[in-house]
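Hello,

Here is the structure I promised to pass on to you. Have a look at it first, and then read my notes underneath.

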Amino acid sequence: MKAVVIGATSGIGRAIAKILAVNGYEVGITGRRMELLESLKTELKTKSYIKFMDLMQVGNTINAMKELLYEMGPVDLVVINSGTGYINENMEWYKDNETIGVNITGFTAIAFVVSKFFMKQGYGHIVGISSIAGIRGYADSSVYCASKSYVSTFLQGIRHKFVKERHNIAVTDIAPGFVDTALVRGHKFWVATPEKAAKQIFSAIKRKKRKAYITKRWRLIAWAIKLIPDSVFYFFSKMLIL
Ligand SMILES: NC(=O)c1ccc[n+]([C@@H]2O[C@H](COP(=O)([O-])OP(=O)(O)OC[C@H]3O[C@@H](n4cnc5c(N)ncnc54)[C@H](OP(=O)(O)O)[C@@H]3O)[C@@H](O)[C@H]2O)c1
């Protein structure tokens, strides 16, 4: 079995790459911090493939993704994990330009390349990492929330396309709550370790689940976030950022 993890240098992506290798997958790993990819490669027991990818450079990303898939040959699974986000109280464009570039434009560019590759190959599994934050908008991270909402809606759309056109391609939307990584910058409320998150993500991948909340308790929170009135959500959202 072969898998690609986009954004495997740190946090959730790195933990996913490790658990895939432990379970026998050859793994393609990407990111900008090449030294972290090199160090991860030494930790993986199976064959691995390294590719530099900066999702802000969309043309280069498309080419690099095609090259990686070509080098690896048949590929069973692609996890599009790269993501970024900011608390952007002062609405500084450079911050959310990056969020849009990585979480929306880069994500979509990769998903299109992978979809076409899997259609030609005749099978495959695409996994995207959205977020609980994608359910509703938070005051100072509205772009991050919207970008994660996009990920979930996009994944639903391509799943329907694959069903409509009878492609044997599974699509899984992973919605984490809080995982202890650089992205959440020391947040302490209900955080899971990246290893625990990766274990549950791998379980969802094996079962080809359409949607999985990570950790599982966030399914209940997601249900509540969808149901409560906006004013109540506003009150509690001060605790729940990213
Ligand atoms: N941690 C949480 O609580 C949480 C909750 C919900 C959703 N998520 C989502 O989980 C995913 C992983 O995040 P994480 O928490 O593990 O944070 P992280 O440790 O900061 O990892 C982010 C990953 O994205 C990559 N990335 C960032 N900017 C990139 C760019 N311009 N081009 C290519 N890759 C880029 C990083 O690689 P390089 O910097 O090396 O390029 C890194 O591998 C993200 O999509 C995030 O939105 C996280």
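**Around the ligand**

Among the 30 residues that surround the ligand, the nearest are G7, G11, G31, R32 and G83. Please keep in mind throughout that this is a predicted model. By character, the shell around the ligand splits into 14 nonpolar, 13 polar and three charged residues. Two elements, α1 (11-22) and β7 (178-179), each contribute at least two residues to that shell. The top contributor is α1, which provides three.

**The chain as a whole**

Stepping back, the chain holds eight helices and nine strands. Its C-alpha atoms occupy a box of roughly 50 × 40 × 35 Å along the principal axes. Does that fit a globule or something more drawn out? The radius of gyration of the chain is 17 Å, and because a compact globule of 242 residues would come near 18 Å, the chain agrees with a compact globule. As for burial, 38% of the 242 residues count as buried. Among contacts with a separation of 6 or more, 62% join residues 24 or more positions apart.

**Core and central strands**

The largest nonpolar core has 58 residues, and the members that touch the most others are A3, V5, I16, A17, V79 and I80. In soluble globular proteins, nonpolar side chains tend to be buried together. I80 is a good place to start looking: leaving out residues up to four places away in sequence, I80 touches I6, F107, I110, A111, V127, G128 and I129.

Three strands are worth following from one to the next. Strand β4 (residues 77-80) runs parallel to β5, and four bridges join them. In that pairing V79 stands opposite V127 of β5. Strand β5 (residues 124-129) in turn pairs with β6 in the parallel sense, over six bridges. Here V127 faces T172 of β6, so to speak, and V127 is also among the residues touched by I80.

How well covered are these strands? In β5, five of the six residues are buried, leaving the strand mostly covered. In strand β6 (residues 169-176), eight of the eight residues are buried, so the strand is largely enclosed by the rest of the structure. In a regular strand the side chains alternate between the two faces of the sheet. For β6 both faces are covered: I169, V171, D173 and A175 are buried on one side, and A170, T172, I174 and P176 are buried on the other.

**Backbone oddities**

Most residues other than glycine have a negative phi, and most peptide bonds are trans. Three places deserve a look with that in mind.

- The peptide bond from I214 to T215 is cis, with omega near -5°. T215 sits in the loop between β9 (211-214) and α7 (218-227).
- M91 is not a glycine, yet has a positive phi of about 50°. M91 belongs to the loop between β4 and α4 (93-121). With 10 other C-beta atoms within 10 Å, M91 is exposed.
- K208, also not a glycine, has a positive phi of about 50°. The loop between α6 (194-206) and β9 holds K208. K208 is exposed, having 11 other C-beta atoms within 10 Å.

Happy browsing, and do write back with any thoughts.

Best wishes

Notes
Residues numbered from 1 in each chain as written. Predicted model: local features only at pLDDT ≥ 70, side-chain atom pairs only at ≥ 80, totals over all residues. Core = buried A, V, L, I, M, F, W, Y, C linked by C-beta atoms within 7 Å. Buried ≥ 20, exposed ≤ 12 C-beta atoms within 10 Å, placed from the backbone. Contact = placed C-beta atoms within 7 Å. Near = placed C-beta within 6 Å. Nonpolar A, V, L, I, M, F, W, Y, C, P; charged D, E, K, R; others polar. Rg over C-alpha atoms; globule rule 2.2 N^0.38 Å. Pairing = 2+ DSSP bridges.
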